[in-house]
Amino acid sequence: MILPCRILRARIRIGSLPVALLCAASFLVLQSGGTWAQATGSTFERVGVGWLPGIPIQITAGVDAGYDDNVTLQPSGEGSIFTRENVVLTYDRPGERTQFFVLGVGRFSQYFDVSGQNETAGNVTMSLTHNFSTRLSFYANVYATYQNQPNFQSNVGPENVVSPFFDTVDIFALTYHWSSRLSLVTSYTFERVQYFSSSNGNSQNGVQNTLAQNRIQNTFSEEFQFSLTSRTVLVGEYRFEAIDYDTAPLNSTTNSVLAGINHNLTEHLIVHVRGGESFRSLENEGNMASPYFEGSLGYVSSNHSLNWTTSYGYESPTATGATTTKTWRTGLNLTYDLTSRLSSTTGVYYHHDENTGGTGSTGTQDSFDLTLGLRYTINKRFTLHADYNHTTLGSSGSTPGYSRNRYSAGLSYTY
């Protein structure tokens with residue numbers, strides 16, 4: 001089954017984990033306020049547990065300690081030593097007709113020098129692929145997270161707020177092969193964003209009312225794929241998106257007409273590109289149009305993998321008072337095995353927002369998030385790690401920016 005670019009990006013983003021790094025996954029999960037499940041780029045190819053040889057389950061538990069120099073995300077932040085306990089459970093059942101995968105993550109963080117910042121967080125990812133016949137197949141990916149750290153990998157909410165929220169992105173796609181060359185992919189994506197408090201109570205930070213971010217997004221897509229050659233697929237797609245806010249007067253509908261290509265440059269290098277025009281209708285602001293683009297590049301070899309995604313188009317505004325946001329968003333994840341025991345990870349995320357409308361924080365805003373990590377496998381059970389995370393958020397209007405650095409190290413044990 002060939003998935004449309006948007007679905008493939010979501011599948012890569014939240015549905016997989018490099019096998020070589022599984023022992024250390026508990027330390028990377030949600031490390032930068034996002035989700036480790038959103039930041040990985042390979043698939044599980046072998047899963048097993050010594051004490052349960054017949055069941056494809058693996059459990060990794062770990063503890064780490066470190067220092068965060070800006071716990072509250074203020075322009076002049078408060079630093080604190082922290083400890084963190086993690087647990088990761090994976091279940092992977094491959095098969096010819098049905099493939100099923102589950103990733104569950106729990107994290108418990110304690111900050112010793114700043115009160116009120118302790119966090120209990122977790123996320124679950126489930127994916128299912130079923131082939132009804134040689135022509136008809138079904139794909140589903142259900143992702144849900146609860147956390148209070150901002151997310152730099154996707155458009156969830158404001159990135160200058162520490163506030164508990166729930167987010168779920170659920171994708172369902174049906175693929176039908178009309179012939180050996182022509183396929184039709186029908187998909188539906190549901191997203192719910194819900195914050196549970198209005199702000200973090202820090203007036204210095206210019207914090208917006210996070211409850212105004214609560215919304216439901218429904219996206220329907222119809223995509224035609226034509227296999228030009230064994231390596232090249234031409235794509236035409238129509239999308240309809242409806243966003244309904246709980247309280248904010250920002251309800252909108254968006255129609256997008258896109259064309260693109262899926263191309264295997266080599267056996268290990270795959271490129272997906274989509275481009276076209278988006279037409280948005282705001283409930284209280286009239287109609288507008290903007291170019292839309294998205295692309296991804298994936299490379300996998302024996303000792304390293306690379307996943308890069310980028311997009312430009314309308315996103316839900318997170319700046320105070322803005323009614324429309326156009327965002328250029330890009331992210332890169334790299335894993336590299338330096339030796340048979342030592343591996344490295346790099347994650348880089350950047351996005352540029354162009355905010356317009358309203359009377360609040362309009363103008364532009366930039367954010368940058370960098371994560372570096374080293375993993376050393378002591379044996380098949382124990383793994384050591386060291387990580388560094390840097391975040392920079394630019395100021396926008398009355399909302400000041402901030403800079404944050406986090407350092408941590410720890411140990412994990414795989415059952």
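1. A polar contact is a pair of N or O atoms within 3.5 Å, where within protein one atom must be able to donate a hydrogen and the other to accept it. In this predicted model, the side chains of Asp244 and Asn251 are joined by such a contact, at 3.2 Å. Asp244 belongs to strand 9, which covers residues 232–245.

2. The surroundings of Asp244 deserve a separate remark. With neighbours within four places in sequence set aside, Asp244 is in contact with Arg215, Ile216 and Asn251. Asn218 lies 26 residues from Asp244 along the chain, and the C-alpha atoms of these two residues are separated by 8.7 Å. Asp244 counts as partly exposed because its relative accessibility is 44%, a value in between the limits of 20% and 50%.

3. Ser256 is a residue of strand 10 (residues 252–264). Its relative accessibility is 8%, so Ser256 counts as buried, the limit being under 20%. The side chain of Ser256 makes a polar contact of 2.8 Å with the side chain of Ser278. Apart from residues up to four places away in sequence, Ser256 touches Glu237, Tyr238, Arg239, Glu277 and Ser278. Ser278 therefore appears both as a residue touched by Ser256 and as its side-chain polar partner, as a pair of N or O atoms within 3.5 Å also meets the contact limit of 4.5 Å.

4. Ser109 is placed in strand 3 (residues 98–111). With a relative accessibility of 2%, Ser109 is counted as buried. A polar contact of 3.0 Å links the side chain of Ser109 to the side chain of Arg84. Once neighbours within four places in sequence are left aside, the residues in contact with Ser109 are Thr83, Arg84, Asn118 and Glu119.

5. The largest nonpolar core consists of five residues: Leu73, Phe152, Val162, Leu393 and Tyr402. One of them, Leu393, touches Glu159, Asn160, Gln365, Asp366, Ser367, Gly401 and Tyr402, when residues up to four places away in sequence are not counted. Tyr402 is thus named among the residues touched by Leu393 and is a member of the largest nonpolar core.

6. Leu73, also part of that core, sits in the loop between strand 1 (57–68) and strand 2 (80–93). Its relative accessible area is 0%, and Leu73 is therefore buried. The backbone of Leu73 merits inspection. Most residues other than glycine have a negative phi. Leu73 has a positive phi, near 60°.

7. The second largest pocket holds about 210 Å³ of space. Its lining comprises 16 residues, and those closest to the pocket centre are Ala212, Ala248, Leu250, Gly321 and Ala322. By residue class, the lining of the second largest pocket divides into seven nonpolar, eight polar and one charged.

8. Some totals for the protein chain complete the note. The chain contains two helices and 18 strands. Of its 415 residues, 51% are buried. Where contacts in the chain join residues at least 6 apart in sequence, 59% of them join residues at least 24 apart.

Methods: Residues numbered from 1 in each chain as written. Predicted model: local features only at pLDDT ≥ 70, side-chain atom pairs only at ≥ 80, totals over all residues. Heavy atoms only, no water. 1 Å grid on protein atoms, 1.4 Å probe; cavity = no way out; pocket = protein on both sides within 12 Å on 5 of 7 lines; lining within 4 Å. Points joined across faces, edges and corners; volume = space filled by probe spheres on them. Nonpolar A, V, L, I, M, F, W, Y, C, P; charged D, E, K, R; others polar. Helix = DSSP H or I, 4+ residues; strand = E, 2+ residues; numbered from the N terminus. Buried < 20%, exposed > 50% of the residue type's maximum accessible area, 1.4 Å probe, protein only. Core = buried A, V, L, I, M, F, W, Y, C linked by side-chain atoms within 4.5 Å.
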